[in-house]
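Work through the exercises below with the sequence and the coordinates open beside you. Each task is followed by a solution that goes step by step.

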Amino acid sequence: MPNLTINGIAVAVPDGTTILNAAKTIGVHVPHYCYHPRLSIAGNCRMCLVEVEKFPKLQTACSTVVTEGMIVRTDTEKVRKAVTGVLELILIHHPIDCPICDQAGECGLQNYYMTYGLHKSRYALEDKVHKKKVQDIGGQIVLDAERCILCSRCVRFLDEVTQTRELHIFSRGDHSEISVFPGRPLSNDYTGNLADICPVGALTSKDFRFKCRVWFLKGAESICTGCSNGCNVEAHFKGDILYRLKPRENEAVNRSWMCDFGRLEYKKANDARLLAPFVREGGAEKAVSWGALVPRVALELSRAAEAGPDAAAVIASPQLSNEELYLARRIATELLGTRNLAFTHRAPGDGFEDGFLIRADKNPNSRGARLLGIPDGAAFDALVERIAAGTVRALLVFGNVVGSFTEAETAALLSKVPFVAQVGTNDGPVSKVATAVMPSASFAERGGTFTSHAGRVQRFRAGFAPRGKARNTVDLLVELANRMGAGWTFAGEASVFHALSATEAPFAGMTYESVGSQGQECKP
Amino acid sequence: METVLTTHFADDRYRGLSGYRRTGGYDALKKAFAMTPEAIIDEVKKANLRGRGGAGFPAGVKWGFLPKDLSRPRVLVINADEGEPGTFKDRVIMSRGPHLLIEGIVISCFALRAHACWIYIRGEFVREARILDEAIAEAYGAGLLGKDILGSGFDLDVTVHRGAGAYICGEETSLINSLEGKRGWPRLKPPFPASVGAFGLPTIVNNVETIADVPWIVTHGGERFAALGCEKNGGTRLIGVSGAVNRPGVYELPAGINLKEIIYTYAGGIRDGKALKAVIPGGSSTPVLRANEIDVAYDIESMAKIGTMAGSGGVIVIAEGTCMVRALSVLMNFYAHESCGQCTPCREGTGWLKKIVGRIEAGKGRVGDVELILDLCDNMMGRTICPLSDAAAMPAQSFVWKFREEFDRHIAEQKCPYGNRFL
């Protein structure tokens with residue numbers, strides 16, 4: 001633990017810590033562009049120069065490892081002049097197109113200019129080196145070489161993280177620019193991260209460009225629902241529209257990254273949403289109020305349960321949270337007294353996984369469903385057989401697919417059930433044939449926990465209220481259960497989780513506080 | 001005056017192995033094999049042999065930076081890139097005395113316990129690369145390279161690696177990157193090459209001239225080599241004099257000889273009877289001297305005292321009538337072209353300097369441009385991974401400091417007072 005002082009403040013940090021990180025521990029921000037905590041140190045932007053006693057030259061804080069007794073100053077005139085000087089040099093070729101640049105609002109150049117720059121340009125306009133503007137270089141990325149400050153983060157990301165090495169720096173001197181080789185565009189499943197790590201507007205997201213100014217966006221801590229890896233994300237929204245997902249740091253799960261497929265998961269919160277409850281009568285959809293619909297669904301389910309053992313059934317979904325699955329299970333077993341309970345996967349796609357973040361299971365909570373005693377596989381197949389045999393009289397389905405059935409197969413199967421109630425977020429094969437459709441909140445509109453493939457229980461939070469007339473699933477299930485005489489007093493997902501952790505061994509002792517923002521391993 | 005390197009360079013036969021041997025070539029190697037590696041390093045330290053590539057770091061001390069542990073192979077890399085404008089002495093060694101370099105390499109590798117050596121040669125030195133290849137083939141044929149050299153049990157392979165034409169690859173860490181097949185970008189230090197160098201191995205990078213001095217040191221002893229030069233700067237130096245002199249060329253002279261003597265006695269004084277205007281003393285990156293500053297010893301410390309450097313031994317002589325703005329403009333074009341683009345101050349600064357100096361020379365200078373040059377140089381000096389930024393800023397700064405009135409006149413008159421015009 002070397003002891004040193006930074007700007008006169010004594011600090012002790014572990015061996016091998018750099019000045020930049022040591023400064024961070026005492027709240028001293030050292031400006032930087034090329035340094036990224038997840039990438040190798042390049043030391044080329046030269047923004048992080050600091051004074052170190054006994055060193056004749058300024059040192060880069062990103063690469064200089066602290067030593068015992070070191071005396072560092074980041075607040076001297078010499079340092080300020082160096083930082084300002086570097087900033088001026090970066091800005092001579094960086095176009096000041098902030099008004100149309102998509103990075104405006106979260107641009108390192110803009111931010112540092114306000115702190116360290118505020119200079120008049122001394123560069124002659126005609127001297128500017130022009131580089132290629134809007135270039136589609138593949139993946140989710142558009143490159144504007146003129147805005148690039150050559151920090152090389154993107155090049156290092158593709159060398160070190162994806163190891164696909166599509167981007168290189170070409171040419172020399174002030175003609176240097178990043179680009180791909182002709183005919184060799186970005187070709188990996190993690191290109192979206194390039195827009196995240198680019199400190200300026202050189203690499204922007206094709207999907208997000210010009211959709212919304214970032215300062216209008218609000219964020220909520222969330223979990224990607226694209227697969228069972230449980231990547232930690234930040235959901236960015238304005239009003240009740242979700243605009244993008246950005247990876248949120250979690251060393252144990254996804255570090256600072258997320259895949260391109262997961263990044264586009266946000267669209268599910270916007271597109272093809274079920275926004276108002278309806279019933280299907282004589283083949284026609286008919287809008288109903290929640291007040292009329294919930295009692296009717298409760299009644300139909302209860303009647304089926306009374307009609308005979310296992311005449312009611314519940315098909316759960318691994319897209320549901322632990323809390324929702326827990327309630328669904330209790331409805332099936334305690335209120336309906338049925339053994340017809342299983343969960344159905346979202347169509348697994350091609351089952352692709354890459355050994356990094358992308359998992360074959362494209363559901364966020366299969367592990368949670370199994371831990372809560374809801375089976376899949378053979379149990380689900382058996383349930384389908386019973387439905388096909390016509391023994392099920394009322395069915396509660398979560399989600400919009402059944403197994404890997406096509407739309408026609410789904411319709412054929414569900415036609416065997418006199419009453420099909422669906423709780424779903426998006427339009428799909430089930431909502432097209434269900435007797436009663438109960439729209440539920442998307443992952444951005446509700447809170448709860450998912451259990452990742454690795455058994456990590458992670459919390460996601462509601463960003464905004466459910467769109468349209470959609471309802472929070474927990475609230476909906478509580479009301480439905482109470483209509484069937486449950487007498488539950490749950491108020492929101494936190495209270496459900498409290499009950500769940502009290503009775504379900506894998507989750508024993510967990511609270512929302514202990515799960516925190518980084519998750520907690522469930523008991524084996 | 002005793003010479004170390006060039007004694008036989010006038011003899012064309014010296015280039016071949018038999019001619020080299022006739023003058024006692026490879027006797028130093030036999031002597032070295034009878035010594036311990038430590039004893040050889042001691043002699044090099046005693047010799048006060050300072051690196052001849054420009055930085056002037058003591059060679060023996062540098063060798064001592066190799067890790068003690070021998071579990072990883074070590075390598076020697078010869079820096080034969082010689083890209084500094086005004087410097088052209090290593091090519092003379094390689095073309096006139098290639099075996100001198102090879103003998104130096106074998107002795108040095110034996111002392112360093114290295115069994116592989118690469119000669120990284122500037123791509124443009126086509127002829128020198130061919131001569132080296134021929135000499136290396138001869139050496140292999142005679143058992144002077146390869147397995148069990150001269151029955152000593154010592155093995156060594158030497159490979160010539162031709163660069164692809166980048167000045168920056170003369171900087172030792174970008175040279176290593178280039179040798180490894182990567183882009184020639186300088187590496188952040190630490191780690192230093194002595195611990196993690198070429199191919200991740202402990203590496204010593206030495207200039208051609210430095211290594212070519214080693215056989216003489218082994219033959220005659222380090223103290224005698226040291227005595228040839230001056231205090232702290234042992235031996236002789238190959239000094240390449242170019243520009244407006246009567247006898248431009250490469251001269252082997254004792255370290256510490258007077259710069260004025262180099263120009264007037266050895267290089268024959270200024271051409272066409274003109275007066276001396278300025279001297280760039282150690283290759284194009286070193287701060288320029290005015291005519292009245294050249295009565296100075298040509299060694300590292302004396303040159304540092306007057307704010308310049310002996311560098312790589314390239315003395316560029318500028319006569320009266322030469323436009324200093326034009327001269328600087330040529331230099332700035334070079335550095336802007338050669339900046340690798342890695343560090344911001346160099347990438348943007350060299351290009352900016354080129355444009356400012358270029359427009360002053362073209363009669364389009366603006367009031368404030370001279371101050372801008374100085375401030376820009378301030379923002380470039382010592383701010384980058386390698387010294388290329390300094391190499392551009394040092395001449396720019398010194399040209400302005402010492403010939404300020406020429407810059408001011410260019411701006412005031414909006415033309416070159418010397419009638420120079422860019423075509």
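A crossing is left-handed if the near helix is turned anticlockwise from the far one by less than a right angle, and right-handed if clockwise. The model is predicted, so local features need pLDDT of at least 70 and side-chain atom pairs count only at pLDDT 80 or more, while totals for chains, interfaces and linings use all residues. Residues are numbered from 1 along each chain as its sequence is written, chains are lettered from A and ligands numbered from 1 in the order in which they are written, and side-chain values use heavy atoms, with hydrogens and water left out. Helices (H or I, at least four residues) and strands (E, at least two) are DSSP runs, numbered from the N terminus.

**Exercise 1.** Describe how helix 14 of chain B packs against helix 17 of chain B.

Solution. Begin with the geometry, in which axes are lines fitted to C-alpha atoms, for helices over the stretch in contact, and angles run from 0 to 180 degrees between N-to-C directions. Helix 14 (residues 324-338) and helix 17 (residues 388-413) of chain B pack at about 155 degrees, and their axes are 9 Å apart. This angle makes helix 14 of chain B roughly antiparallel to helix 17 of chain B, given that angles under 35 degrees count as roughly parallel, over 145 as roughly antiparallel, 65 to 115 as roughly perpendicular and the rest as oblique. Next, the handedness: the crossing of these two helices of chain B is left-handed. Then list the contact (heavy atoms within 4.5 Å): helix 14 of chain B contributes residues including Leu328(B), Leu331(B) and Tyr335(B), and helix 17 of chain B contributes residues including Ala392(B), Phe399(B) and Phe403(B). Finally, the residues of this contact divide into 15 nonpolar, one polar and two charged, where Ala, Val, Leu, Ile, Met, Phe, Trp, Tyr, Cys and Pro count as nonpolar, Asp, Glu, Lys and Arg as charged, and the others, Gly among them, as polar.

**Exercise 2.** Apply the steps of the preceding exercise to helix 8 and helix 12 of chain A.

Solution. Helix 8 (residues 322-335) and helix 12 (residues 473-483) of chain A have axes 9 Å apart and pack at an angle of about 15 degrees, which means that helix 8 of chain A is roughly parallel to helix 12 of chain A. Their crossing is left-handed. Among the residues that meet are Leu327(A), Ala328(A) and Ile331(A) in helix 8 of chain A, and Val474(A), Leu477(A) and Val478(A) in helix 12 of chain A. Sorted by class, the residues of this contact divide into eight nonpolar, one polar and two charged.

**Exercise 3.** Reconstruct the open sheet of chain A that has the order 2-1-5-3-4.

Solution. Two strands pair if DSSP finds at least two bridges between them. The sheet has five strands with mixed pairing, and its edges are strand 2 (9-12) and strand 4 (59-60) of chain A, each of which pairs on one side only. Strand 1 (residues 3-6) of chain A runs parallel to strand 5 (residues 71-73) of chain A, joined by two bridges, with Ile6(A) partnered by Val72(A). Strand 5 of chain A is also joined by two bridges to strand 3 of chain A, in this case antiparallel, and here Val72(A) is the bridge partner of Val52(A). Strand 3 of chain A then runs antiparallel to strand 4 of chain A, again with two bridges, and Val50(A) stands opposite Gln59(A). These two strands of chain A form a hairpin with six residues between them, in whose turn Lys54(A) has a positive phi of about 80 degrees. To complete the picture, helix 2 (residues 77-93) of chain A lies across strand 3 (49-52) and strand 5 of chain A, at about 160 degrees to strand 3 of chain A.

**Exercise 4.** Which residues of chain B are joined by a cis peptide bond with omega of about -5 degrees, and where does Pro190(B) lie?

Solution. Most residues other than glycine have a negative phi, and most peptide bonds are trans. The bond in question joins Lys189(B) and Pro190(B), and Pro190(B) is placed in the loop between helix 8 (172-179) and strand 4 (203-207) of chain B. The bond from Pro190(B) to Pro191(B) is likewise cis, with omega near 0 degrees.
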